Amino acid sequence: MNIYAGFDLGGSRLRGVLCDRRGEMLGFRESVTGPSAGGIVDAMAEMLENLAAAASVSLKTLRSIGIGSAGSIDKARGRILFAPNIPCLVNYPLVKNLEKRTGARVFLENDAAVALTGVWWKGDGNRFRNWVLVVQGTGLGGGIVIDNRMYTGQSGNAMELGHMSIDVNGRPCRCGRKGCLELYASGTALEEYTAAQLDSGRKSSLVEYRARGTLRAAVIAEMALRKDAVALDAFGEMARYLAEGLTNIVNLFNPEAIFFGGGLSEASRLYLPQVKKIVRRLALPGFREHIEFISVKNQSLVPAMGAAKHAMDSLV
Ligand SMILES: [Zn+2]
């Protein structure tokens, strides 16, 4: 039996899976992304050994490894070109060194591309011919399938949803523009909005988290579920902006479905109903009537599975 591995390499988490040719998952592991390039390669190799041991399979049958990485990548050279969240890997020969370490072929991909593949393969994406994936974590990204084909653009980086401006006079973005959606509809945006509300003197159970420096999106979600007013407002604000951005996408691409993945989507019941309502009100007639809004199931392992699928398909 041949086996394949997939990694979802993010700024804070490294997630890995092993699977067989049919896409049966043999195991899933997760760890913190380390601060050094050599350490990340070691962590990947060790994760593979642990996964193989736990599944009672031999790594001698490992045919290929896919890595979906944050940032922009150079597929051909197997290197990361730009990744503010994992600076140690910029220009590092990641593919070459992991191949040397494991003896298997390694393929590097864009993280949005592997997430899209994962949702298509393992998350109901194949029920539709035209659909959009929104990935909300620390930042905001996405992907699109048009007429049953993944649309990647000229350089493989299409659908930078996070850098679609929704306000020419908005907040300045590190990409050089103003009002980028990511600044209003990401985990970071949620944290910043909440912090500003607390600074203005609003009372909230989140004050103590702010004081301890642990005001994270997951905590805000937890407090929103407990009906904290500031936390609920933060999600309401985020939903409003996200819906504006998605209405642009709906009016441009007329999709059948929008999937929501990424860490923030685990709290999707706090904002999806509102996003749905607003998009259905704002989008043009003929576009807004039959769109499904779907939260990706098992969002933490779907991108790694997508990376394994890329690894599998890249061999043939
Ligand atoms: Zn931007």
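**Two sheets, two cores and a zinc site**

Helix 9 (residues 302-315) lies across strand 1, strand 2, strand 3, strand 4 and strand 7, running at about 130° to strand 1. The model described here is a predicted one.

The strands that helix 9 crosses belong to an open sheet of five strands, put together in the order 3-2-1-4-7 with mixed pairing. Strand 3 (25-32) and strand 7 (105-110) sit at the edges with a single partner strand each, so one side of each is left without a neighbour in the sheet. Going from one strand to the next, the twist averages 15°. Inside the sheet, strand 1 (residues 3-9) and strand 2 (residues 13-20) pair up in the antiparallel sense, over seven bridges. To pick out one spot in that pairing, Asp8 stands opposite Arg15 in strand 2. Helix 3 packs on this sheet too, touching strand 2, strand 4 (62-69) and strand 7, and its direction makes about 100° with that of strand 7.

Now for the other sheet. This one is also open, with five strands in the order 10-9-8-11-12 and mixed pairing. Its edges are strand 10 and strand 12 (292-295); each has a single partner strand, so one side of each is left without a neighbour in the sheet. Neighbouring strands here are turned by 25° against each other on average, direction ignored. Strand 8 (residues 131-136) and strand 9 (residues 140-146) run antiparallel to each other and are paired over six bridges, with Leu133 standing opposite Gly143 in strand 9. Helix 3 (residues 111-122) turns up again, packing on this sheet and touching strand 8, strand 9, strand 10 and strand 11 (257-261); its direction makes about 125° with that of strand 8. Helix 7 (residues 229-253) packs on the sheet as well, in touch with strand 8, strand 9 and strand 11, and its direction makes about 155° with that of strand 8.

What about the nonpolar cores? The largest has 45 residues, and among those with the most contacts inside it are Val134, Leu242, Phe260 and Val275. Two or more residues each come from strand 8, strand 9, helix 4, helix 6 (217-225), helix 7, strand 11 and helix 8 (272-282). Helix 7 gives the most, with eleven residues. Leu242 makes a handy close-up: leaving out residues up to four places away in sequence, Leu242 touches Val134, Gln136, Leu181, Ala185, Phe260, Tyr271 and Val275. There is also a second, separate core of 31 residues, which includes Ala5, Met47, Ile65 and Ala104.

Finally, there is the metal. The zinc ion is held by four donors, His163 (ND1), Cys173 (SG), Cys175 (SG) and Cys180 (SG), at 2.1 to 2.3 Å. The angles between these donor atoms around the zinc ion come out at 103 to 119°, so the arrangement is tetrahedral; to count as such, all angles must lie between 85 and 135 degrees. Along the chain, the donors follow the spacing H-x9-C-x1-C-x4-C. His163 and Cys175 both lie in the loop between strand 10 (149-151) and helix 4 (187-199), so the pair ties together parts that are twelve residues apart in sequence. Is Cys175 buried or exposed? Neither label fits, because its relative accessibility of 40% makes Cys175 partly exposed.

Terms used: Residues are numbered from 1 along each chain as its sequence is written. This is a predicted model: local features need pLDDT of at least 70, side-chain atom pairs count only at pLDDT 80 or more; totals for chains, interfaces and linings use all residues. Side-chain values use heavy atoms; hydrogens and water are left out. Donors are N, O and S atoms within 2.8 Å of the metal (3.2 Å for Na, K and Ca); water is not among the atoms, so sites may look incomplete. Four donors count as tetrahedral if all angles lie between 85 and 135 degrees; four count as square planar and six as octahedral if opposite donors are over 155 degrees apart and all others between 65 and 115; anything else is irregular. Helices (H or I, at least four residues) and strands (E, at least two) are DSSP runs, numbered from the N terminus. Buried means under 20% relative accessible area, exposed over 50%, partly exposed in between (1.4 Å probe, protein chains only). Two strands pair if DSSP finds at least two bridges between them. Axes are lines fitted to C-alpha atoms, for helices over the stretch in contact, and angles run from 0 to 180 degrees between N-to-C directions. Contact means heavy atoms within 4.5 Å. A nonpolar core is a set of buried Ala, Val, Leu, Ile, Met, Phe, Trp, Tyr and Cys residues joined through side-chain atoms within 4.5 Å.
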